[in-house]
Amino acid sequence: MKFSSLVLLVSSLFLVGRVEAQERFSVSGYVKDASTGEVLIGANVYIKELLKGTATNAYGYYSITVDRGSYTLVGSFLGYDNVEQPIDLTANRTVNIEMGLKAIVAKEFEVVGERGGGNTESTDMGRAELDVGKVQLLPALLGEVDLLKTLQFLPGVQSNGEGNAGFYVRGGGPDQNLILLDEATVYNASHLFGFFSVFNADAVKNIELIKGGIPANYGGRISSVLDISMKDGNDKGFHGQGGIGLISSRLTLEGPLVREKGSFFVSGRRTYIDVLTKPFIPDTSAFAGSGYYFYDLNAKASYRFSDKDRVFLSGYFGRDVFDFNTSDPDDPAFRIPWGNATVSARWNHVFGPKLFMNTTATFSDYRFEFGADQENFAFSLFSGIKDYGLKVDLNHYANVRHTLRYGGQYIFHTYTPSTVTARSGETQLSIQAPPILNAHEGAIYVLDEFDLTDAIRINAGLRFTTFSHVGPYDRYVLNDEGERTDVIRYDDGKLVKGYSALEPRLAARYRLNERSSIKASFNRGAQYVHLASFSSIALPTDVWIPSSSEVKPLIGTQYAAGYFRDFNKAMYETSVEVYYKDMQNLVEYAEGADPQGNGNTNFDTQLVFGDGYSYGLELFVKKRTGRLNGWVGYTWSKTMRIFPDLNEGREFPSRWDRQHDLSVVGLYELSPRWSLAATFVYATGQAVTLPLNRYVIEGRLVSEYTERNSYRMTPYHRLDLAATLKNKATRMKRDKTTGEKVEVERKWQSSWTFAIYNVYNRANPYFIYFDNEGNIANGNFQVVAKQVSLFSILPSITWNFKF
Amino acid sequence: MRKLLFSLTLLTILSGCEKTITVDLPPGEEKIVIEGTIEPGQPPIVIVTKSQSYFAPTDLTSFLGIYVQDATVIVNDGVIDHLLTPVCSDLIPDSLLDEAAALTGIDPQLLANANICIYTKPDLLGEVDRSYSLRVQVGDEVVTSRTHIPEPVELDSLWFRLSESDGTDTVNGFIWARFTDPDTTGNNYRIQTRRINLGEDGRPKDDINIAPIGSTSNDAFINGLTVDFVIFRGNSPYETDPEELANFSFARNDTVVVRLLSMGRDEYDFYRSFESNISTQGDIFTTPANVMSNIEGGLGVWAGLGVYERTVVCVPSE
């Protein structure tokens with residue numbers, strides 16, 4: 001495979017260099033929304049006469065090169081009116097296309113002559129985009145619109161049980177998803193306890209998930225890429241939107257900095273469970289002083305110097321604040337502050353009609369702290385990551401057959417896997433200096449998407465990555481008892497351990513006819529960061545650690561093939577995909593590992609290593625347009641793990657193994673003002689470890705676990721409903737000059753969303769535990785199994801506005 | 001602590017719900033379980049039981065079936081084999097039941113109601129810095145182990161301080177201890193307490209030595225340091241009064257025997273993982289983990305313990 005992709009690369013490079021016989025010119029530019037000035041990502045731009053074209057890149061840029069001639073240039077994007085423009089290509093031309101949203105209510109929802117479906121046209125496999133506008137109409141837990149939870153409705157994407165915003169792609173762990181917010185890495189996309197994700201839907205323009213056939217311009221994670229673009233801000237006028245919900249409120253403001261040249265965007269969200277519950281907790285209550293809330297802040301500014309240069313500065317800042325205090329100083333008090341921050345600075349530059357460059361400098365910060373006080377004892381645990389990155393990507397629109405992308409990336413990581421400080425009375429307990437780990441990660445890549453023949457399109461790429469853990473670092477030499485016997489000291493910048501990997505990526509599409517194609521992909525990736533987790537939900541004890549002399553890079557290899565077919569002029573998109581994924585060097589904590597045992601030893605001492613695999617079949621049917629739209633996704637899969645030091649070396653199902661997973665998402669536009677939405681999920685029960693035996697030590701019942709993840713909880717299923725009522729979009733106004741009444745659009749628009757979560761009140765299992773009651777000596781001793789469920793039927797109401 | 005966090009989450013975020021379910025588990029394999037200790041100046045105490053399927057019947061008769069009465073238990077002190085003999089509770093006079101309970105850690109009521117045998121040898125007394133191997137045979141099955149009694153480590157001082165909750169509690173408080181960890185790494189500890197003053201029923205408040213959850217620790221963070229730490233009161237596994245179970249403090253005027261046990265690494269691993277196993281049952285914040293045993297071929301522990309023992313009367317020291 002590696003060799004063949006190399007051959008393809010070389011041959012494609014050869015094709016690029018070929019002398020072109022006829023005079024050719026390029027038409028290039030940006031595609032934007034006519035009302036907001038936001039660039040449109042993934043819009044189709046094509047030459048009507050040739051039916052040849054491209055889609056805009058992540059910055060809304062396109063470029064097409066064809067023979068000299070007169071043509072019609074068409075821009076098309078779902079939900080927007082097609083734009084047609086005649087062009088005379090006698091020289092290179094810059095054409096910026098502004099597209100307007102479709103008329104508010106079209107009498108008949110017909111699909112106008114789109115150029116085939118992107119579904120059967122591209123080499124993309126396992127790729128899905130979410131329409132943020134539609135996501136906001138779907139029912140959500142407590143009315144909190146959640147993009148990550150909506151992703152879980154896609155085939156091959158699994159949730160980790162009730163209320164959890166974490167997602168698991170094709171058998172890969174949560175650390176195997178590369179989550180990018182304006183190209184900066186987000187390490188933990190959930191708020192505390194995983195109930196809500198950190199992405200405020202009001203701030204998001206585009207969300208794209210790639211779960212297979214990951215192109216070479218992405219790297220660093222082996223299972224998926226979730227690429228989220230924040231809105232740029234309206235450069236034509238000042239606008240705002242917001243909402244008031246049961247547990248949080250949101251406000252977004254945007255407008256031009258310099259009209260049609262620069263814009264700003266600010267969006268904030270804060271939950272107020274604490275504010276709502278405070279009046280009900282008297283100051284004398286045992287829990288006075290406790291509270292939990294989180295907030296998110298997104299901000300972005302962009303400025304266009306010319307058609308050639310544009311800069312963006314964007315950032316995200318989110319914090320969870322969790323305090324637990326009781327009025328009794330003997331009781332423990334906890335503080336758990338945590339959060340993510342990202343900053344991206346980007347510069348788009350167009351060198352010429354065929355060459356587009358994006359340069360991004362990024363900063364990511366993720367931190368988790370846990371502090372506890374009790375009596376005279378204080379304990380705190382800190383873990384975090386800081387990344388400083390720089391990345392250059394070039395899009396080279398060589399000709400109508402070839403689009404080349406190449407570039408490089410560098411990240412400087414600083415990890416603090418887990419630092420413990422403790423104090424007892426006046427004595428500071430002896431804890432080692434914080435083990436901050438420094439590492440350099442670098443990558444270069446090249447990929448070529450080209451049409452080999454009219455029917456065959458290839459996306460071939462190669463990525464080369466390196467990772468080096470460097471000093472200052474103290475490696476402890478431990479004896480069999482786990483005691484330190486010696487220290488190997490690495491000075492500042494000195495290499496502790498280095499790795500490199502060659503990552504071939506290949507995807508091919510063979511078009512059977514206008515409406516159907518088959519696709520296949522192969523990709524291999526290396527991952528140099530690992531998440532070691534004590535539990536299935538996000539906690540301070542979950543620690544990000546880099547590859548080290550003990551922890552080898554995670555290597556993922558995925559093979560996938562699929563059949564894609566459109567029906568009824570691409571009103572329906574359907575696909576069947578099969579995949580096989582192999583994962584090497586997975587990390588888990590050793591059985592009986594102790595989170596506090598990380599102190600005074602090497603950060604990777606308590607870990608064990610193993611492999612995993614996953615295979616599956618995914619079916620997807622999507623109705624893209626019409627009053628009724630939505631999709632059905634079904635996955636059949638199997639995900640296993642093999643660790644020599646776990647489960648006595650026997651293979652065991654992964655926590656994310658789900659044999660069946662079905663999702664149905666439906667949206668129905670009842671009238672111009674009312675829209676309805678329903679979602680349904682069904683998934684095989686989660687694999688959990690339960691004790692098979694019990695025995696008695698010191699009069700207490702001890703559980704003996706034998707087979708890991710061998711028990712299945714009952715299946716998970718749930719139906720949610722939502723209805724959204726918009727206020728009237730227009731009002732009657734008397735025209736001052738004519739005196740006639742005319743209908744004008746309202747400036748202030750608002751809507752109410754009513755939702756019911758878990759409509760038929762299913763008690764889905766969250767976890768199972770065994771409990772015992774009574775006294776052995778009295779003979780009334782009993783052992784029982786209990787199942788805990790989290791969310792019963794929950795109605796919610798949210799009011800949203802826009803101006 | 002984690003359970004507390006979890007319940008709080010549920011409280012804060014939403015009303016969770018809980019129900020009793022039937023879980024269909026395959027039968028597990030029965031194993032020999034050893035609970036054996038040897039302390040300086042004391043004879044070895046070995047309790048031999050068997051593990052059971054999780055949902056095996058729990059009436060008293062079925063439950064007592066776990067106690068093995070016909071084991072052959074041999075302790076070797078490095079010189080010769082000592083055959084331990086079974087001492088069964090039906091032969092213990094009622095007047096000695098409390099003493100037997102304190103020695104074995106088994107509830108006196110249970111000893112009185114049922115015939116439970118432990119294995120011991122009165123003239124084999126543990127010695128500091130000596131190794132002892134254990135061999136237990138039940139039918140054709142043999143399990144073995146080896147332990148060592150380390151030097152006891154002393155507590156520098158012990159005192160009682162009233163709880164400061166709202167400034168009015170003049171009744172309850174905690175015992176504090178100061179101790180100096182020896183300047184060598186690899187010291188492992190466990191704390192036990194026993195209230196020997198009489199309760200309302202005219203019997204000692206505690207029948208057995210009790211180690212509260214979290215009483216096992218090592219010197220990873222405190223090597224060579226002098227530290228003060230608070231000692232919470234644990235509850236007997238046989239305690240069922242919910243009010244008692246929620247109380248971790250001592251009362252003014254309680255007379256408390258405090259025991260600081262020192263032990264080797266394997267024994268420490270056992271007690272630590274044992275405490276974690278029993279406290280994390282049903283805890284989603286952890287991955288279920290088995291107790292780490294030093295019994296070859298079986299479960300449980302054979303522990304040589306260095307013992308420092310002192311009695312403190314709970315009178316506030318100012």
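Two strands count as paired when DSSP finds at least two bridges between them; helices (H or I, at least four residues) and strands (E, at least two) are DSSP runs, numbered from the N terminus. The structure is a predicted model, in which local features need pLDDT of at least 70 and side-chain atom pairs count only at pLDDT 80 or more, while totals for chains, interfaces and linings use all residues. Residues are numbered from 1 along each chain as its sequence is written, chains are lettered from A and ligands numbered from 1 in the order in which they are written, and side-chain values use heavy atoms, with hydrogens and water left out.

**Stop 1: a sheet in chain A**

Select residues 177-181 of chain A, strand β12, together with residues 224-230 of chain A, strand β15. These two strands run parallel and are joined by five bridges. Within this pair, Ile179(A) has Leu226(A) of β15(A) as its bridge partner.

Now widen the selection to the open sheet of five strands, whose order in chain A is β9-β14-β15-β12-β13, with mixed pairing. The edges are β9 (127-130) and β13 (184-185) of chain A; each has a single partner strand, so one side of each is left without a neighbour in the sheet.

**Stop 2: the nonpolar cores**

Keep Leu226(A) selected and add Leu147(A), Leu154(A), Phe167(A), Phe199(A) and Ile207(A): of the 90 residues in the largest nonpolar core, these six touch the most other members. Such a core is a set of buried Ala, Val, Leu, Ile, Met, Phe, Trp, Tyr and Cys residues joined through side-chain atoms within 4.5 Å. Buried means under 20% relative accessible area, exposed over 50%, and partly exposed in between (1.4 Å probe, protein chains only). Strand β23 (residues 355-374) of chain A contributes the largest share of this core, four residues.

Centre the view on Leu147(A) and display its contacts (heavy atoms within 4.5 Å). Not counting residues up to four places away in sequence, Leu147(A) touches Leu130(A), Val132(A), Val135(A), Ser197(A), Phe199(A), Ala201(A), Val204(A) and Ile207(A). Apart from the largest core lies another, of 35 residues, among them Phe781(A), Ala785(A), Tyr54(B) and Ala100(B).

**Stop 3: chain B as a whole**

Select chain B, whose secondary structure comes to six helices and 18 strands. Of its 318 residues, 52% count as buried. Among the contacts in chain B with a separation of 6 or more, residues 24 or more positions apart account for 70%.

**Stop 4: a hairpin and its neighbour**

Select residues 72-76 of chain B, strand β5, which pairs with β6(B) in the antiparallel sense over four bridges. Ile74(B) has Leu83(B) as its bridge partner in β6(B). The two strands form a hairpin with four residues between them, and Gly78(B) in the turn has a positive phi of about 95 degrees. Next add β7(B), which runs antiparallel to β6(B) and is joined to β6(B) by four bridges. Here Thr85(B) has Thr120(B) in β7(B) as its bridge partner.

**Stop 5: the disulfide**

Finally, show the sulfur atoms of Cys88(B) and Cys117(B), which form a disulfide at 2.0 Å; the criterion is a pair of cysteine sulfur atoms within 2.5 Å. Over all chains, the structure holds one disulfide. Cys88(B) lies in strand β6 (residues 81-88) of chain B and Cys117(B) in strand β7 (residues 117-120) of chain B, so the pair ties together parts that are 29 residues apart in sequence. The link of Cys88(B) and Cys117(B) is right-handed, with 105 degrees about the S-S bond. Cys88(B) counts as buried at 14% relative accessibility, and Cys117(B) counts as buried at 2%.
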